[in-house]
Amino acid sequence: MSEVFVLNGPNLGRLGSREPDVYGAADFDALTALCRDTARRLGLHAEVRQTDDEAELISWLHEAADGRIPVVLNPAAFTHYSYAVRDAIAQRTAPLIEVHLSNPAAREEFRHNSVVAGVATGTVAGFGFLSYVLALQAIAELLAENED
């Protein structure tokens with residue numbers, strides 16, 4: 001069973017209480033369970049992590065690169081300004097899908113720019129928790145293509 005990291009940046013641990021009109025009422029534990037269940041159905045093992053610390057997120061991205069581990073990444077606010085996260089993603093050795101619960105392009109102007117999109121394999125945004133399901137499906141498909 002292939003491993004995939006599902007990495008989440010700042011404030012995502014507050015799902016359910018943080019702006020439920022934008023991010024929904026389900027909490028981070030529900031997201032974790034959904035990711036693990038979805039991965040299992042796709043023949044993957046999901047390691048789900050969340051941090052508010054940029055340095056910790058970067059170390060996880062380095063771990064993924066060193067281990068050739070695919071990543072589903074919600075960089076949250078780091079999306080818009082963290083060149084350090086962008087540079088860590090650029091070192092990836094396996095697919096990395098940028099994911100967002102909301103659609104950043106439909107929100108405040110400062111959210112329209114992603115400094116990480118250019119080094120990600122692709123981006124899924126705007127579908128709530130379904131964004132993670134779609135990203136995990138993309139990872140499974142990309143891994144299957146590489147096995148052929």
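Which residues of strand 4 point one way, and which point the other way? Keep that in mind as you open the viewer, and remember that this is a predicted model.

**Stop 1: strand 4**

Select residues 96-100, which make up strand 4. Show the side chains: Leu 96, Glu 98 and His 100 go to one side, while Ile 97 and Val 99 go to the other. In a regular strand, side chains alternate between the two faces of the sheet. Now switch on a surface. Strand 4 is mostly covered, with 5 of its 5 residues buried, and that includes Glu 98 and His 100.

Next, add strand 3, residues 71-74. Strand 3 and strand 4 run parallel and are joined by 3 bridges. To see one of the pairs, pick Val 72 and look across to Ile 97 in strand 4, its bridge partner.

**Stop 2: the whole sheet**

Zoom out and colour all the strands. You have an open sheet of 5 strands in the order 2-1-3-4-5, paired in parallel. The edges belong to strand 2 (44-50) and strand 5 (122-125); each has a single partner strand, so one side of each has no neighbour in the sheet. Look along the sheet and you can follow the twist, which averages 20° from one strand to the next.

Now pick strand 1 (2-8) together with strand 2. This parallel pair is held over 7 bridges. Asn 8 is a handy place to click, as its bridge partner in strand 2 is Gln 50.

**Stop 3: helices on the sheet**

Select residues 54-67 to bring up helix 3, which packs on the sheet. Helix 3 touches strand 1, strand 2, strand 3 and strand 4, and its direction makes about 165° with that of strand 1.

Then select helix 5, residues 130-147. Helix 5 lies across strand 1, strand 2, strand 3, strand 4 and strand 5, running at about 170° to strand 4.

**Stop 4: helix 2 against helix 5**

Keep helix 5 on and add helix 2, residues 28-41. Their axes come within 10 Å and cross at roughly 25°. An angle under 35 degrees counts as roughly parallel, so helix 2 is roughly parallel to helix 5. The crossing is right-handed.

Show the side chains where they meet: Leu 31, Leu 34, Cys 35, Thr 38 and Ala 39 from helix 2, with Tyr 132, Val 133 and Leu 136 from helix 5. That set splits into 7 nonpolar residues, 1 polar and no charged.

**Stop 5: Leu 44**

Is Leu 44 buried or exposed? Click on this residue of strand 2 and check: Leu 44 is buried, at 5% relative accessible area. Leaving out residues up to four places away in sequence, Leu 44 touches Met 1, Ser 2, Val 4, Ala 39, Leu 136, Ile 139, Ala 140 and Leu 143. For a distance to try in the viewer, take the C-alpha atoms of Leu 44 and Glu 147: they are 103 residues apart along the chain and separated by 14 Å.

**Stop 6: two backbone oddities**

Finish in the loops. Asn 11, in the loop between strand 1 and helix 1 (20-23), has a positive phi of about 75° although it is not a glycine. Asn 11 is partly exposed, with a relative accessible area of 34%.

Ala 76 sits in the loop between strand 3 and helix 4 (83-89). Ala 76 is not a glycine either, yet has a positive phi of about 55°. At 13% relative accessibility, Ala 76 counts as buried.

Technical notes. Residues are numbered from 1 along each chain as its sequence is written. This is a predicted model: local features need pLDDT of at least 70, side-chain atom pairs count only at pLDDT 80 or more; totals for chains, interfaces and linings use all residues. Side-chain values use heavy atoms; hydrogens and water are left out. Axes are lines fitted to C-alpha atoms, for helices over the stretch in contact, and angles run from 0 to 180 degrees between N-to-C directions. Helices (H or I, at least four residues) and strands (E, at least two) are DSSP runs, numbered from the N terminus. Angles under 35 degrees count as roughly parallel, over 145 as roughly antiparallel, 65 to 115 as roughly perpendicular and the rest as oblique. A crossing is left-handed if the near helix is turned anticlockwise from the far one by less than a right angle, and right-handed if clockwise. Contact means heavy atoms within 4.5 Å. Ala, Val, Leu, Ile, Met, Phe, Trp, Tyr, Cys and Pro count as nonpolar, Asp, Glu, Lys and Arg as charged, and the others, Gly among them, as polar. Buried means under 20% relative accessible area, exposed over 50%, partly exposed in between (1.4 Å probe, protein chains only). Two strands pair if DSSP finds at least two bridges between them.
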